[in-house]
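Student: I'd like to learn how to read helices in a model. Can you walk me through it?

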Amino acid sequence: MRYKRHRYFIAERVNLIQRSKIRELFEKARKIENVISLGIGEPDFDTPDNIKEAAKRALDEGWTHYTPNAGIPELRQAISEYYKERYNLGVPTDNIIVTAGAYEATYLAFETLLERGDEVIIPDPAFVCYAEDAKLAEAGIVRLPLREENGFQPDPDELLELITKRTRMIVINYPNNPTGATIDEKTAKAIADIAEDYNLYILSDEPYEHFLYEGAKHYPMLKYAPDNTILANSFSKTFAMTGWRLGFAIAPKDIIKDMIKLHAYVIGNVSSFVQVAGIEALRSPKSWEAVEKMRREYAERRKIVLDAIKEMPYISAFEPKGAFYIFANIKETGMTSEEFSEWLLEKAKVVVIPGTAFGKNGEGYVRISYATKKEKLIEAMKRMKKALEEL
């Protein structure tokens with residue numbers, strides 16, 4: 001007896017996820033010759049040599065086996081030491097889980113803490129994964145507008161108005177992707193107070209903490225609401241280790257215990273030799289010398305782009321104090337963000353990301369990444385200027 005062939009059945013939760021507009025644009029750009037990409041959010045620097053050497057030694061020493069699900073104890077201790085030395089925060093190792101980048105840390109937090117019927121407040125614009133993680137957790141999404149006139153910081157009064165009986169979590173991401181904005185201490189404290197008053201979680205995603213300019217400071221939310229905060233962080237941006245997939249989360253011990261349970265069935269543990277390299281990254285002065293060198297280089301590139309945009313018609317730039325992005329206002333062109341990005345790719349062979357990739361409130365903006373070589377940045381700015389002058 002033969003059965004009729006039928007289509008594949010895909011789980012509804014997977015169908016809820018939207019494909020990244022960023023990736024779609026990259027795929028289109030790859031088919032065009034002589035393109036300069038200012039779209040990717042990845043350091044163009046190589047991982048510092050001392051970190052790579054530590055990984056090689058670890059392999060030679062036999063670090064090729066399973067580790068504890070939560071991570072190697074020495075790496076968790078190194079993370080704890082880092083927060084004590086840099087921010088004077090006491091973080092017990094039991095409050096730390098080592099993850100496959102901040103991506104997994106965020107996913108684990110959403111899946112562990114949210115369920116159907118809960119609401120999560122997500123900024124708009126915001127990095128793409130938060131809304132998709134909320135969909136997978138079957139939580140309702142409430143968007144909190146971030147506005148240029150407010151420095152792309154959350155308005156605590158506006159945040160209060162969005163809170164309902166179903167609100168369970170607030171997402172914060174500073175220094176911010178896509179805007180490059182930083183958060184001031186007053187606003188950070190206000191959000192912490194709201195979370196404590198309403199018994200809400202704060203998911204604070206902080207992978208750009210070391211890339212600050214013009215005297216800006218970073219304020220980890222853990223400092224102001226330690227019992228309510230799940231802090232996600234990553235080695236990817238700080239140490240140019242994107243391909244290593246190494247990150248961590250810090251949260252109250254009881255939350256970490258349940259995140260570990262889920263993590264154990266998702267990936268088991270982060271690669272053992274990669275974790276050993278993470279210890280070297282945090283503890284070696286050579287690593288931090290490399291980080292400062294990268295920060296200075298980003299500062300120079302930031303100035304190149306900001307100065308160039310001032311000479312272009314129809315476009316203006318919010319001046320960021322963090323990360324390595326510029327969120328440029330293109331409303332005067334008369335085009336939507338997606339139209340502008342497509343036009344610039346075709347006209348100038350330059351890739352920028354439409355602001356709507358990060359939420360409806362990103363309309364009228366494009367994200368420009370300056371995580372690319374100066375020569376390419378300068379050439380990209382010349383191409384943009386020429387194209388806009390001919391508009």
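Tutor: Sure, starting with the labels: helices (H or I, at least four residues) and strands (E, at least two) are DSSP runs, numbered from the N terminus. This is a predicted model, where local features need pLDDT of at least 70, side-chain atom pairs count only at pLDDT 80 or more, and totals for chains, interfaces and linings use all residues. Residues are numbered from 1 along each chain as its sequence is written, and side-chain values use heavy atoms, leaving out hydrogens and water.

Student: Which residue follows α4, and what is the sign of its phi?

Tutor: N88 comes after α4, and its phi is positive, near 55°. Likewise, α10 is followed by G268, with a positive phi near 85°.

Student: How far apart are the end C-alpha atoms of α4?

Tutor: The expected span is 1.5 Å times one less than the number of residues. The 15 residues of α4 (73–87) should therefore span 21 Å, and the end C-alpha atoms are 21 Å apart, which agrees.

Student: Which residues of α10 are buried?

Tutor: Buried means under 20% relative accessible area, exposed over 50%, partly exposed in between (1.4 Å probe, protein chains only). In α10 (residues 253–266), the buried ones are I255, I256, M259, I260 and H263.

Student: Why do they line one face of the helix?

Tutor: An α-helix has 3.6 residues a turn, so residues three or four places apart point the same way. Down the axis of α10, the buried residues fall within an arc of 140° (taken from the directions from the helix axis to the C-beta atoms). The face turned away from that buried side carries exposed D254, K261 and Y265.
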